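Open the model in your viewer and keep the selection panel at hand. We will go from the whole chain to a few chosen residues.

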Amino acid sequence: MRSEQGSVSVVVAAAVGMALVVTMGAADVGRALIARSRAEAVADLAALAAAQELALPSGTEPGVFAADYAVRNGARLESCSCAEGTSEATVRVAVPVQGFLLPLADRDVIGTARAVVDLPA
């Protein structure tokens with residue numbers, strides 16, 4: 001009977017370790033989902049900024065406004081199909097995501113959005 005003393009401590013330590021790993025994994029998944037939501041929101045904002053410049057031109061390229069709004073909200077503008085004279089702005093932004101446990105370093109979540117200018121004729 002004496003040889004089994006302390007074996008419960010080993011099992012409890014393993015269970016606590018597994019619980020910690022599962023919790024950190026869940027936190028990583030949560031971070032990725034939050035980054036995805038943020039990427040979509042920033043893409044919407046950048047597309048609307050570019051569309052506003054298309055609708056009411058001030059002389060600045062719409063992509064400049066889209067990039068500015070993306071950077072102010074923690075993202076990077078990947079592309080902007082928003083040439084002057086068109087009525088549509090399509091943007092793609094990247095939001096960085098980092099993890100606790102999973103190898104998410106230097107990963108980006110991509111968000112895309114499209115805004116159409118519908119001015120009366």
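Helices and strands are here taken as DSSP runs, with at least four residues for a helix and at least two for a strand, and they are numbered from the N terminus. In this predicted model, the protein has two helices and three strands, which follow one another from the N terminus in the order α-α-β-β-β.

Begin with the whole protein, and colour it by burial if your viewer allows: of its 121 residues, 26% count as buried. The protein exposes about 8,200 Å², and carbon and sulfur atoms supply 59% of that area.

Next, select α1 (7–55) and α2 (62–72). Their axes come within 8 Å and cross at roughly 150°; angles over 145 degrees count as roughly antiparallel, and α1 and α2 are therefore roughly antiparallel to each other. The crossing in which α1 passes α2 is right-handed. To see where they meet, show the side chains of α1 residues including Val 42, Ala 46 and Leu 54, and of α2 residues including Phe 65, Tyr 69 and Ala 70.

Which residues have the most contacts inside the largest nonpolar core? Select Ala 75, Val 91 and Val 93, which hold that place in a core of 22 residues. The elements that give two or more residues to this core are α1, α2, β2 (88–97) and β3 (107–116), and α1 gives the most, with nine residues.

Finally, centre the view on Val 93: leaving aside its neighbours within four places in sequence, Val 93 is in contact with residues that include Ala 39, Ala 43, Ala 70, Leu 77, Val 109 and Ile 110.

Definitions and conventions. Residues are numbered from 1 along each chain as its sequence is written. This is a predicted model: local features need pLDDT of at least 70, side-chain atom pairs count only at pLDDT 80 or more; totals for chains, interfaces and linings use all residues. Side-chain values use heavy atoms; hydrogens and water are left out. Buried means under 20% relative accessible area, exposed over 50%, partly exposed in between (1.4 Å probe, protein chains only). Accessible areas come from the Shrake-Rupley method with a 1.4 Å probe; for residues, only the protein chains shown count as cover. A nonpolar core is a set of buried Ala, Val, Leu, Ile, Met, Phe, Trp, Tyr and Cys residues joined through side-chain atoms within 4.5 Å. Contact means heavy atoms within 4.5 Å. Axes are lines fitted to C-alpha atoms, for helices over the stretch in contact, and angles run from 0 to 180 degrees between N-to-C directions. Angles under 35 degrees count as roughly parallel, over 145 as roughly antiparallel, 65 to 115 as roughly perpendicular and the rest as oblique. A crossing is left-handed if the near helix is turned anticlockwise from the far one by less than a right angle, and right-handed if clockwise.
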